[in-house]
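Me: I have a sequence and a structure on screen, and I want to work through the fold by question and answer. Can you take me through it?

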Amino acid sequence: MQATQDAVSLAPPHPPGMLRALLLALIAHALLLAALTWGVHWKQTESTAVEAEIWSSVTQQAAPREAVVEPPTPVPPPQPKPEPLPPPPPVPKVEQPAPAPVVRDADIALEREKKKREQEKQRQEDLLEKQQEEKREQLKKAAADKKKQEQKAKELEAQRQAQAEADAKRKAADAAAADAKRKTDAVQAQQQKAAEAAQRAENLKRMQGLAGATGAATATGSALQSTGPSSSYAGKVSARVKPNIVFPDDIAGNPTADVEVRSSPDGTIISRRLVKSSGVKAWDDAVLKAIDKTETMPRDTDGRVPSPLIIGFSPKN
């Protein structure tokens, strides 16, 4: 009851002069209807037709009339039909303002509950959308991780294949090297066997000719004749080579360069090789160049040229 009274007190007031406005509207419509009726009656008024006849008092013979083509009788234009009277305009109906709705506490509570449910529904939808978005992000991340793992697996597989190929090539090279070494060892073994056979033949020949040996009584060798250089041969070689040594530098100490020289039976130098360096490269090079410039070695006292021969050269000797 209290809620109804509050609603009535809060409703807007009725507009003033409603009855007077209704009367004025009725009078205006009545005047309009009368004016329309008079106008239609004025249009329907018709004019009265008047006719007259003329008679002649003397009878006369009429001449023949000329054949005159009479113009066609004009057809009178059709009379316009009277327009039907328009229906009278409807009398406007004055609507009374609807009373303001009565807001009750129960309606307010229902409205609040409805809004609360809508908010809760919207919150649930937002939460679900967020969860779905997180799930999509997780799926994207998982797909990217899987792709990275597949790429890494491909790279590892390529590395394994490359390593396997490298190992196969290395094994093939090792096998080829081992095969080459076996062949070289076989050749060297054959050469060694040949050398040993030649040595045995030489020993046998030397043993067979011991009766004709030319060595001294105190000699301990087994050859028919001595093949080493005499004691004075070193001086001959030094006198032949040293003039060709060009070395203006000063050397601390007296280092020795040992050179192996191979000569033909007539003394022509075939090859020279540095067996032991003096420690001074400039001196070693000067000695080798001097031997090349010498070209021939001197003969020993027995008329032979010892070969091969290792000669030591020192700058202060």
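The turns below go from the whole chain to single residues.

Me: What kind of model is this, and what pattern does the chain follow along the sequence?
Reply: This is a predicted model. The secondary structure comes to 5 helices and 3 strands. Read along the sequence, the pattern is α-α-α-α-β-β-α-β.

Me: What percentage of the chain's residues count as buried?
Reply: The chain exposes about 27,300 Å². Carbon and sulfur atoms supply 58% of that area. Of the 317 residues, the buried share is 12%.

Me: Which element gives the largest share of the largest nonpolar core?
Reply: The largest nonpolar core has 21 residues, and I245, W283, I291, M297 and F313 have the most contacts inside it. Two or more residues each come from α4 (233-241), β1 (257-263), α5 and β3 (309-313). The largest share is 6 residues, and it comes from α5.

Me: Which residues does W283 touch, leaving out those up to four places away in sequence?
Reply: W283 is among the residues with the most contacts inside the largest nonpolar core. Two others named there, I245 and F313, also have the most contacts inside this core. With sequence neighbours up to four places away left out, W283 touches I245, F247, I251, P255, A257, S278, F313, S314 and P315.

Me: How many bridges join β1 to β3, and how many pair β1 with β2?
Reply: β1 and β3 run antiparallel. Here E260 stands opposite I310 in β3. β1 and strand β2 (residues 269-276) also pair in the antiparallel sense, with S263 opposite I269 in β2. The counts are 5 bridges for β1 with β3 and 6 for β1 with β2.

Me: Why is β1 largely enclosed by the rest of the structure?
Reply: Buried means under 20% relative accessible area. E260, at 14%, counts as buried. β1 is largely enclosed because the buried count in this strand is 5 of the 7 residues.

Me: Which residue in the turn of the hairpin has a positive phi?
Reply: β1 and β2 form the hairpin. There are 5 residues between these strands. The turn residue with a positive phi, about 100°, is G267.

Me: Where does a residue that is not a glycine have a positive phi?
Reply: Most residues other than glycine have a negative phi. Look in the loop between α5 and β3. The residue there has a positive phi of about 75° and is not a glycine. At 53% relative accessibility it counts as exposed, and its name is E295.

Me: Which residues does a cis peptide bond join?
Reply: Most peptide bonds are trans. In this bond, omega is about -5°. P308 is found in the loop between α5 and β3. The cis bond joins S307 and P308.

Me: D284 is buried; how far away is the nearest side chain of opposite charge?
Reply: D284 is found in helix α5 (residues 281-294). Beyond residues up to four places away in sequence, D284 touches A257, L274, S277, S278 and G279. A salt bridge needs nitrogen and oxygen within 4 Å. D284 has none, and the nearest side chain of opposite charge, K281, is at 7.8 Å.

Me: Which residue of β2 forms a salt bridge with D292 of α5?
Reply: The closest N and O atoms of this pair are 2.5 Å apart. D292 lies in helix α5 and its partner in strand β2, so the pair ties together parts that are 20 residues apart in sequence. D292 is partly exposed at 40% relative accessibility. The partner, partly exposed at 30%, is R272.

Me: What separates E120 and R123 in helix α3?
Reply: Their side chains meet in a salt bridge (2.6 Å, N to O). E120 is partly exposed at 35%, and R123 is partly exposed at 45%. The two are 3 residues apart in helix α3 (residues 105-208), so the separation is about one helical turn.

Me: How many salt bridges does a search of the whole structure find?
Reply: One of them joins R262 and E260 (3.9 Å, N to O). R262 is partly exposed at 38%, whereas E260 is buried at 14%. The search of the whole structure finds 13.

Technical notes: Residues are numbered from 1 along each chain as its sequence is written. This is a predicted model: local features need pLDDT of at least 70, side-chain atom pairs count only at pLDDT 80 or more; totals for chains, interfaces and linings use all residues. Side-chain values use heavy atoms; hydrogens and water are left out. Helices (H or I, at least four residues) and strands (E, at least two) are DSSP runs, numbered from the N terminus. Buried means under 20% relative accessible area, exposed over 50%, partly exposed in between (1.4 Å probe, protein chains only). Lys and Arg count as positive and Asp and Glu as negative; His and the chain ends are not counted. Contact means heavy atoms within 4.5 Å. A nonpolar core is a set of buried Ala, Val, Leu, Ile, Met, Phe, Trp, Tyr and Cys residues joined through side-chain atoms within 4.5 Å. Two strands pair if DSSP finds at least two bridges between them. Accessible areas come from the Shrake-Rupley method with a 1.4 Å probe; for residues, only the protein chains shown count as cover.
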